[in-house]
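Student: Hey, I'm new to this one. Can you walk me through it?
Tutor: Sure, let's pull it up and start with the strands.

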Amino acid sequence: MSVRELVVLGTASQVPTRHRNHNGYLLRWDGEGILFDPGEGTQRQMLRAGAAAHDLNRICVTHFHGDHSLGLAGVIQRINLDKVPHEITAHYPRSGQRFFDRLRYATAYRETVALTEAPVDTDGPLHRTPGYTLEARRLSHPVEAFGYRLVEPDGRRMLPDRLAAHGIKGPDIGRIQREGTLDGVPLEEVSEVRRGQRFAFVMDTRLCDGVYALAEGCDMLVIESTFLDEDEELAVEFGHLTAGQAARVARDAGVRHLVLTHFSQRYTDPEEFERQARAAGYKGELTVAHDLLRVPLPKRR
């Protein structure tokens, strides 16, 4: 059975707190695991969440500030210690290659795993599989940053009433799905488009075109909301979003499930992020993330 869920490993901005680890997010997408922004302590948080190095297939780093990347050293060494049997691919801004190299080889260890480096330097598709296309978009932060987006190919949903009207049943349903036509009846006549799921991951950034492009039509948007709205000037200065800004992006983009995360340590009431997001007009499903939370992707439309 396929599983699509977000496992939140850490939600702190800049520094860990008593209750929030550095960033870390594991997306389970059917049989694959995609680890986003492994900050310090990610290896331990994976253990607490019941996730293993063998679960990882891909690592995506948005930028090379410590709270989004210091955990790379430990994660990479754990992948090799556990002798993960499959290839793992790492995406990160090409301009941060020197940081990736230092983290990959921070200490001595035995390399046993094929870790493919696939740095990002432009907007667009990065990788295609039968289950999704991984895309990147440039963000606006003091250091170069990219957000990531998974887009599942559209499929088709069979319509029982139209199948019955054409006398198509049993094994013939599978035949028309595979072959596209059956006894002169086209697949389009007995089915409709089933829109593929879309997931986006947007970390440290000001409002910019990339934020909106990543969020457009998403079933789930994981997005930073470092500041509350009253501190918008600080958000702009340091290259971040407020809860209200993130919610308005989700509202305008038609996001079904909004996950707010990456909270400044200055705030003690996480419910205020939800209140401000709702005040901004977002009416979809809303989660204010906390460490070790599991969030299933919405069912297909």
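**Strands first, then a helix**

Tutor: Keep in mind that this is a predicted model. Strand 7 and strand 8 (residues 133-138) run antiparallel, with four bridges joining them.

Student: Which residue stands opposite Leu-134 in strand 8?
Tutor: That's His-127.

Student: What sheet do these strands belong to, and in what order do its strands come?
Tutor: An open one with seven strands, ordered 7-8-9-14-15-16-17, and the pairing is mixed.

Student: Which strands are at the edges?
Tutor: Strand 7 (124-128) and strand 17 (285-288), and each of those pairs on one side only. From one strand to the next, the twist averages 15°.

Student: Which strands does helix 9 touch?
Tutor: Strand 15 and strand 16, as helix 9 packs on the sheet. The direction of helix 9 makes about 160° with that of strand 16.

Student: And helix 10, what does that touch?
Tutor: Helix 10 packs on the sheet too, touching strand 16 and strand 17. Its direction makes about 150° with that of strand 17.

Student: Back to helix 9. Why is it largely enclosed by the rest of the structure?
Tutor: Because eight of its eleven residues (the helix spans 243-253) are buried. Among them are Gln-245, Val-249 and Ala-253.

Student: What covers those buried residues?
Tutor: The cover includes helix 7 (209-215), helix 8 (232-238) and helix 10 (271-279), along with strand 15 (220-224) and strand 16 (257-261).

Student: What about Gly-254, just after helix 9?
Tutor: Gly-254 has a positive phi, about 70°.

How values were computed:
Residues numbered from 1 in each chain as written. Predicted model: local features only at pLDDT ≥ 70, side-chain atom pairs only at ≥ 80, totals over all residues. Heavy atoms only, no water. Buried < 20%, exposed > 50% of the residue type's maximum accessible area, 1.4 Å probe, protein only. Helix = DSSP H or I, 4+ residues; strand = E, 2+ residues; numbered from the N terminus. Contact = heavy atoms within 4.5 Å. Pairing = 2+ DSSP bridges. Axes fitted to C-alpha atoms, helices over the stretch in contact; angles between N-to-C directions.
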